[in-house]
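User: Please take a close look at a single part of this structure, the second largest pocket, and place it within the protein as a whole.

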Amino acid sequence: RAVERIRSFLHAADLPEGLAPAVTGSAAFGHDYAEAGEESHRRTLYVTLAAVVVILLAVYRAPVAAMIPLGAISLAAVVAMSVLGIASRFGLHVGTAERIFVFVLLYGAGTDYSLLLISRCREELQAGRGVAEATATGLDATFGAILASAGTDAAGLLMLVFAQYTIFRTTGPAVAIALLVALAAAVTLVPALLAVLGRGAFWPGTGPGRIGQRRLWPAVGRAVTARPGAVLLVVLVLLAIPAGRALDLTWVYDTLAEATRPSGDRVANAAEGLEAARRHWPAGQTAPVRLLVRAGSPRPAAEWEQPAADLTAAVLAVEGVEDVRSLTRPLGRDASPAATALIRSLAPERIRGEYVSADGRSTRLEVVLSAPALTLDAMRNLGALCQAARSAASRAGLDAEVLPAGATAEMADTRDITQRDFRRIAALVLGVIFVIVLMLLRDAILTAFMVGSLVLGYLATLGASYWVFTGLLGAAGLDWKVEVFLFVVISAVGVDYNIFLAARFAQEARAAPPRQAVRRAVVHTGPVISSCG
């Protein structure tokens, strides 16, 4: 709000010819990030709806049939957001990040459940059953797989509550609630609409879920069962190549580093303001690092003079540090000794109040880095200057702790916390998925193989995404949030596809030998899974 008022003031200001205003710094970047998040939410919603409509029309080739899952899941989205609105009154945070994920995963997973159900109902209709019987039989045959998929997704996402980072911790419950609403819509509203509309739902097409069912999926089924070892080896090699790249990635923490295009506004955005400032000052000037050196016991302000001078000299010697302002050097290193002495003699109390705490326990240093505040270089510099300050304090005989603050320190903490969160979340999510799928399939080896496929698929997707965005599109790296959120998406939809196939295989295996059951499962679920994907 403060940034908005500053920008409004600058819009109305009558500035002299040739002066261009810009608002930058950490607060301005936060303002621009929030605006970009809201715009991303709107675009994501519209693109998701458009993509789902186009894909459903391509799959069903019947407008009414396409509208059944779309209408049901859209209603589920409205209900889910209302439920989340109520939950927010009881402490659940539902911000932009949560809403984006709710919409994407709700439409994605909810449509998956509906496609599986409608495809099976079509099978039963083609087998000559009546509309009501076909709908009931289709629901009975797919209910277990849909329930297991939704339950696995929701339980896995709930593991995000064990994260320390707030956005991760609140996204899990929000999406889990939304998926349960989508489940309810898929197993009640969708079959009810099918039963009411009957065969007319598929007019003028021949029904959904038949993409590649005559030639492609029978060929895949034959290849998989004829040479399973060769197919397994080829697929593993193809996935291992990008997966290997994913093991050593560069993560970007400077979220708006690429947002340097002109805003078209009279008052330039934070990225433009930073570029303008860098023509005259070091990049770190807009968001300096603040070091608080806190001693174990209070001391008079005069006794901080020498320790402050030693700390200043030590930090200035660190690579990547452009300037330090402190008790003994309030104007920075470019000021002449005479100017520094003058200002300290004219306003000694003001300077002491700025750089020494009221209780006499702490002194503060303001450090300007050569690198922008949120870059990896700045975070590396932060560690080095903190170590230099600790060593200088020790040499000065201070029993003190060094506490960094500012945008760089906050992002460094975020990096450390989210890395720990990812390891914890990944272990918990995979563990929950393993237990639920094992309960469904009662086969430990097959369950372990399915969970392993999720991990390999995640790494391969991560590596391929890195190549696309850095190699083809020229980005500096992948945004740090991709690591966790991509894992959540891959785990959720990946386990759905595995369950759809495995559940159909279990049904076919009751009346056919394993290889034949695999072929039938591939033929019947291949079109559904590819449509879901």
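Analyst: The accessible surface of the protein comes to about 25,700 Å², and carbon and sulfur atoms account for 62% of that surface; such areas come from the Shrake-Rupley method with a 1.4 Å probe. This is a predicted model, in which local features need pLDDT of at least 70 and side-chain atom pairs count only at pLDDT 80 or more, while totals for chains, interfaces and linings use all residues. Residues are numbered from 1 along each chain as its sequence is written, and side-chain values use heavy atoms, with hydrogens and water left out.

The C-alpha trace spans about 100 × 55 × 45 Å along its principal axes. The protein has 17 helices and 6 strands, taken as DSSP runs (helices H or I, at least four residues; strands E, at least two) numbered from the N terminus. Of its 533 residues, 47% count as buried, meaning under 20% relative accessible area with a 1.4 Å probe, protein chains only.

The second largest pocket has a volume of about 1,500 Å³. A pocket is an open set of points on a 1 Å grid over the protein atoms alone, with protein on both sides within 12 Å along at least five of seven lines; lining residues have an atom within 4 Å of a point. The volume is the space filled by probe spheres set on the points, which are joined across faces, edges and corners. Its lining consists of 35 residues, and Val224, Phe449, Ser453, Asn498 and Leu501 lie nearest the centre. Two or more lining residues come from each of α7 (216–226), α8 (228–246), α15 (444–472), α16 (482–508) and α17 (514–532).

Key
Buried < 20%, exposed > 50% of the residue type's maximum accessible area, 1.4 Å probe, protein only. 1 Å grid on protein atoms, 1.4 Å probe; cavity = no way out; pocket = protein on both sides within 12 Å on 5 of 7 lines; lining within 4 Å.
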